[in-house]
Amino acid sequence: MLSTGFTIFLGVVLILAKLPRRTMLRVLKHDLLLDVAVSLITLMIHWATFSGVMAANVAGQSRSVEYYAVPNCIFTNPEVAAVGVSERNAQESGIDYRVGKFPFVASGKAVAMGAPEGFVKIIADGAGRVIGGQVVGAHASDLIAEIALAVSRRLKLEDISETIH
């Protein structure tokens with residue numbers, strides 16, 4: 001999966017290289033290239049760190065590597081983060097699923113921070129196990145960790161619904 005991030009980054013670089021100089025300068029001026037590069041590099045770091053830790057663990061134990069539980073984050077404004085199965089993936093795979101969505105505007109903290117734009121979406125399978133989720137908004141890259149924990153530990157909705165977050 002590391003190569004996927006690098007391939008996407010290389011593709012962006014090649015596309016930008018074919019743009020007229022004036023267009024390229026506008027893209028660079030608006031930091032779009034920087035946002036993409038930082039996001040892809042961070043994704044590669046997440047994967048590399050996770051792979052290294054798992055390699056060390058596997059050497060002494062028999063543990064499986066669960067790459068689907070590694071969050072993907074895009075450090076833009078607003079931030080975007082996802083982990084596990086998306087709603088589209090669930091639908092296309094024929095998985096029995098349900099979706100819960102919580103808008104940031106209903107969060108006192110988000111409103112107090114002046115960042116009420118965004119949402120949290122949780123995808124659970126038919127048995128109520130959390131299989132994925134997305135967060136869009138302020139601190140999405142931090143908040144996705146809770147969903148990643150639920151995905152990796154195969155927690156059910158009721159396992160996490162009684163916790164104050």
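A residue counts as buried when its relative accessible area is under 20%, as exposed when that area is over 50%, and as partly exposed in between. Keep that handy for the exercises below. One more thing before starting: this is a predicted model.

**Exercise 1. Get your bearings in the chain.**

Task: Work out how many helices and strands the protein chain has, and in which pattern they follow one another.

Solution:
- Step 1. Count the elements: the protein chain has seven helices and five strands.
- Step 2. Now walk along the sequence, and the pattern reads α-α-α-β-β-α-β-α-β-β-α-α.
- Step 3. Check how much is tucked away: of the 165 residues, 27% are buried.
- Step 4. Look at the outside too. The chain exposes about 10500 Å², with carbon and sulfur atoms supplying 62% of it.

**Exercise 2. Put the sheet together.**

Task: Find the order of the five strands in the sheet, then say which strands stand at the edges.

Solution:
- Step 1. Line up the strands: the open sheet has the order E1-E2-E5-E4-E3, with antiparallel pairing.
- Step 2. Go to the ends of that order. E1 (72-74) and E3 (97-103) each have a single partner strand, so one side of each is left without a neighbour in the sheet.
- Step 3. Add the twist, which averages 10° from one strand to the next.
- Step 4. Zoom in on E4 (residues 118-125). Seven bridges join this strand to E5 (residues 130-137), and seven bridges join E3 to E4.
- Step 5. Pick out some facing residues. Glycine 118 stands opposite glycine 137 in E5, and valine 120 stands opposite valine 135 in E5. On the E3 side, valine 99 has isoleucine 123 in E4 as its bridge partner.
- Step 6. Follow the chain from E4 into E5: the two make a hairpin with four residues between them, and glycine 128 in the turn has a positive phi of about 90°.

**Exercise 3. Is E4 enclosed or open to the outside?**

Task: Decide how many of the eight residues of E4 are buried, then look at two residues of this strand one by one.

Solution:
- Step 1. Use the cut-off from the top of the page. Six of the eight residues of E4 are buried, so the strand is largely enclosed by the rest of the structure.
- Step 2. Try phenylalanine 119, which lies in E4. Its relative accessibility is 22%, so it counts as partly exposed.
- Step 3. See what phenylalanine 119 touches beyond four places in sequence: Lys101, Phe102, Pro103, Phe104, Gln134, Val135 and Val136.
- Step 4. Now try lysine 121. At 15% relative accessibility, this residue counts as buried.
- Step 5. Find the partner of lysine 121: its side chain meets that of glutamate 87 in a salt bridge (3.0 Å, N to O). Lysine 121 is in E4 and glutamate 87 in helix H4 (residues 87-93), so the pair ties together parts that are 34 residues apart in sequence.
- Step 6. Compare with your count for the whole model: the structure holds one salt bridge. As for glutamate 87, its 29% relative accessibility makes it partly exposed.

**Exercise 4. Find the nonpolar core.**

Task: Say which elements give two or more residues to the largest nonpolar core, and where its largest share comes from.

Solution:
- Step 1. Start with the members. The core has 16 residues, and those touching the most other members are Val83, Val120, Val130, Val135, Ile144, Ile147 and Val151.
- Step 2. Sort by element: E2, E4, E5 and H6 each give two or more residues, and the largest share, six residues, comes from H6.
- Step 3. Place H6 (residues 140-152) on the sheet. This helix lies across E1, E2 (79-84), E4 and E5, running at about 175° to E5.
- Step 4. Take valine 83 as a sample. Beyond four places in sequence, its contacts include Ile144, Ile147, Ala148 and Val151.

**Exercise 5. Spot the unusual backbone.**

Task: Look in the loops and find which peptide bond is cis and where a residue other than glycine has a positive phi.

Solution:
- Step 1. Go to the loop between E1 and E2, where proline 78 lies. The peptide bond from asparagine 77 to proline 78 is cis, with omega near 10°.
- Step 2. Move to histidine 139, in the loop between E5 and H6. Its phi is positive, about 65°, although histidine 139 is not a glycine.
- Step 3. Finish at arginine 154, in the loop between H6 and helix H7 (157-161). Its phi is near 55°, again a positive value.
- Step 4. Check the exposure of both: histidine 139 is partly exposed at 41% relative accessible area, and arginine 154 is partly exposed at 42%.

Notes: Residues are numbered from 1 along each chain as its sequence is written. This is a predicted model: local features need pLDDT of at least 70, side-chain atom pairs count only at pLDDT 80 or more; totals for chains, interfaces and linings use all residues. Side-chain values use heavy atoms; hydrogens and water are left out. Two strands pair if DSSP finds at least two bridges between them. Axes are lines fitted to C-alpha atoms, for helices over the stretch in contact, and angles run from 0 to 180 degrees between N-to-C directions. Contact means heavy atoms within 4.5 Å. Buried means under 20% relative accessible area, exposed over 50%, partly exposed in between (1.4 Å probe, protein chains only). A salt bridge is a side-chain nitrogen of Lys or Arg within 4 Å of a carboxyl oxygen of Asp or Glu. A nonpolar core is a set of buried Ala, Val, Leu, Ile, Met, Phe, Trp, Tyr and Cys residues joined through side-chain atoms within 4.5 Å. Accessible areas come from the Shrake-Rupley method with a 1.4 Å probe; for residues, only the protein chains shown count as cover.
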